[in-house]
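Biologist: I am new to this structure and would like a close look at a single part of it. Could you take one strand, describe what lies on either side, and then follow the chain outward from there?

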Amino acid sequence: MRGGGLSEHVSTYFNIVLETFTDYYPSSTESLLPTISIYNHDENLRTFYTVLFIVLFVLYIFKRVLHLDQMGERPLITMKGEAWEVLKKDGCGKGSADADTAVDAAPLTVMQQIMKKCPIFREVYKPTWFWGKSGHIQTCLFGVMQKPHKAVEVSECKPYQLTLKDGSIVSFHVYEALKPHQSGEEITLLICPGIFGSYNKSYVQSTVGAAVAKGYRFVCLDHLGVLEDVPLKAPRLFTYGSTEEYAAMCDKVFEMYPDSKFIAIGYSMGGNQMCKYMGEKTDRQKKFLAALSICQGYDCIKASIGLARWDKMQVLYSYILTQRWIALVEKHPIVMQAAVERGVNWKDVRACRGLGQFDRHFSTKFYGYEKFEDFMRENSCAQHLDNIDIPLLLLNAIDDPLIGPFYHDIPRAVAERKDNVAFVETHHGGHLGYFENGMFFPREVWIDSAILQFCDNAVNTVLNKGQLPSESPSTSSLGEMDAKQVPVEE
């Protein structure tokens with residue numbers, strides 16, 4: 001059988017089987033031969049096995065890539081407390097008499113009360129049937145299929161700019177609520193977007209429309225160097241853990257809306273920045289009711305290791321992000337010039353194929369760190385999470401190809417030792433995808449519903465319990481910048 005094609009090999013094998021069958025069942029073979037003899041012809045065999053291969057390949061894709069054999073599942077919730085343990089054992093709060101009795105007997109913390117009132121975290125998340133159980137497809141499509149909520153079109157959006165002391169221009173956008181919030185309070189959501197993020201990203205626009213329609217004011221930071229119409233006046237860009245810009249935006253918004261209550265939300269890298277902002281100076285928490293972090297990685301050193309792995313094609317995502325970093329740096333001559341002055345070898349940077357390499361050759365040197373590990377550690381929120389005392393929701397997806405279970409030991413450990421923290425793991429959703437329902441086209445974005453349900457219950461629970469910390473003036477970054485607001489015409 002050597003040297004022959006696949007069709008010849010299969011044909012030979014098939015004839016051997018047929019001859020054996022004939023020896024044992026001669027009468028049966030006579031009626032069978034006319035039917036199957038057509039497959040003795042090479043052309044028919046080639047067509048047959050080509051179709052068979054395609055069918056088997058499609059079934060393999062369905063099984064291994066699209067995971068069509070999997071069903072939607074409830075999120076996994078990690079929290080501290082005896083009462084919550086009872087709820088978990090009883091189905092994570094499905095409402096049985098035993099669970100209700102246990103909860104009444106063991107008082108819940110404020111965070112546990114918030115989570116108990118959020119049924120979305122105890123219900124099955126049903127991703128879009130055909131492709132929604134693939135974390136890769138969810139991740140790749142979130143920028144394509146997440147459409148702005150209709151409310152975005154009618155909500156008033158105002159751009160603002162602040163000039164920091166070093167000349168950097170911090171840009172942010174404000175969307176006003178379309179109606180009063182159901183609590184009767186004025187509630188503002190302060191958003192820190194993901195890497196290369198700004199107010200016009202699809203995942204931000206999806207949430208802002210749903211939020212303003214429910215009575216929330218929505219304020220979103222634009223990362224340094226990202227927007228084309230915001231000039232870069234100082235030789236620096238955003239970093240994974242830079243909090244100065246988010247702090248400046250928050251302080252200005254506190255001045256603009258003194259009667260408002262605030263909730264902080266961070267997406268991906270923005271979740272790392274938001275948590276670091278809260279934890280590195282604890283008095284900042286005094287203005288906030290609660291905080292949410294979505295799909296972040298917590299530890300930049302661990303991220304540099306995780307993004308060099310192949311099990312979920314992290315290397316490919318790392319390469320794409322690296323090329324975007326290089327393009328962003330090259331777009332700003334002021335950064336390129338400073339890089340040369342600070343000893344950055346641009347030839348080495350251009351040769352980088354992953355984020356770890358880029359941060360070793362560019363970020364570490366550009367921002368004045370002696371060691372790569374020092375830069376990454378300084379930009380991580382992991383060491384600050386224990387300093388956060390307001391209700392904090394940490395949410396990640398198990399099938400996230402960028403920030404998967406490799407990172408989840410950090411938030412899980414924090415939730416197990418702090419009673420104000422909940423860690424929620426969804427089985428599906430990818431990285432900032434979370435498309436829901438529908439067979440081929442999603443009907444909803446689950447994460448928008450989750451965010452707003454948590455915010456609604458955080459507002460009601462915290463304010464009713466009188467748990468908001470005293471609103472003494474926090475250490476403001478306005479002293480480090482030109483506090484004059486620069487209005488911008490769109």
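**Strand E5 and its surroundings**

Modeller: In this predicted model, strand E4 (residues 187-192) and E5 run parallel and are joined by 5 bridges, and within this pairing isoleucine 191 stands opposite cysteine 220 in E5. Strand E3 (residues 169-175) is also joined to E5 by 5 bridges, but these two strands run antiparallel, with valine 174 standing opposite valine 219 in E5.

Strand E5 itself, which spans residues 216-222, is mostly covered, since 7 of its 7 residues are buried. Its side chains point two ways: Tyr216, Phe218, Cys220 and Asp222 point one way, while Arg217, Val219 and Leu221 point the other way, and all are buried. Cysteine 220, the residue that isoleucine 191 stands opposite, therefore counts as buried because its relative accessible area is under 20%.

Going back along the chain from E5, one meets glycine 215, which takes a positive phi of about 100 degrees just after H9. Helix H9 (residues 202-213) has 12 residues and reaches 17 Å from its first C-alpha to its last, close to the 16 Å expected at 1.5 Å a residue. Like the strand, helix H9 is mostly covered, with 11 of its 12 residues buried; among them are Tyr203, Val204, Gln205, Val208 and Val212.

Beyond this part, aromatic rings offer another way to read the structure, as a search of the whole structure finds 25 aromatic pairs. Tyrosine 125 and tryptophan 446 form a tilted pair, 5.3 Å centre to centre and with 45 degrees between the planes. This pair links distant parts of the chain, since tyrosine 125 is in the loop between helix H6 (110-116) and H7 whereas tryptophan 446 is in helix H19 (residues 446-465), 321 residues apart. Both tyrosine 125 and tryptophan 446 are buried.

Helix H7 (residues 135-145) holds threonine 139, whose side chain reaches the backbone nitrogen of histidine 431 at 2.9 Å. Threonine 139 is buried because its relative accessible area is 7%, and, leaving aside its neighbours within four places in sequence, threonine 139 is in contact with Tyr317, Pro401, Leu402, Gly430 and His431.

Elsewhere, one aromatic cluster includes Phe196, Phe238, Tyr240, Trp325 and Phe366, and the charged end of arginine 342 sits over the ring of phenylalanine 366, 4.4 Å from its centre.

Definitions and conventions. Residues numbered from 1 in each chain as written. Predicted model: local features only at pLDDT ≥ 70, side-chain atom pairs only at ≥ 80, totals over all residues. Heavy atoms only, no water. Helix = DSSP H or I, 4+ residues; strand = E, 2+ residues; numbered from the N terminus. Buried < 20%, exposed > 50% of the residue type's maximum accessible area, 1.4 Å probe, protein only. Polar contact = N/O pair within 3.5 Å; in protein donor to acceptor, adjacent residues only side chain to side chain. Contact = heavy atoms within 4.5 Å. Expected span 1.5 Å × (residues − 1). Phe/Tyr/Trp six-rings, centres within 6.5 Å; stacked < 30°, edge-to-face > 60°. Lys NZ or Arg CZ within 6 Å of the ring centre and 35° of its normal. Pairing = 2+ DSSP bridges.
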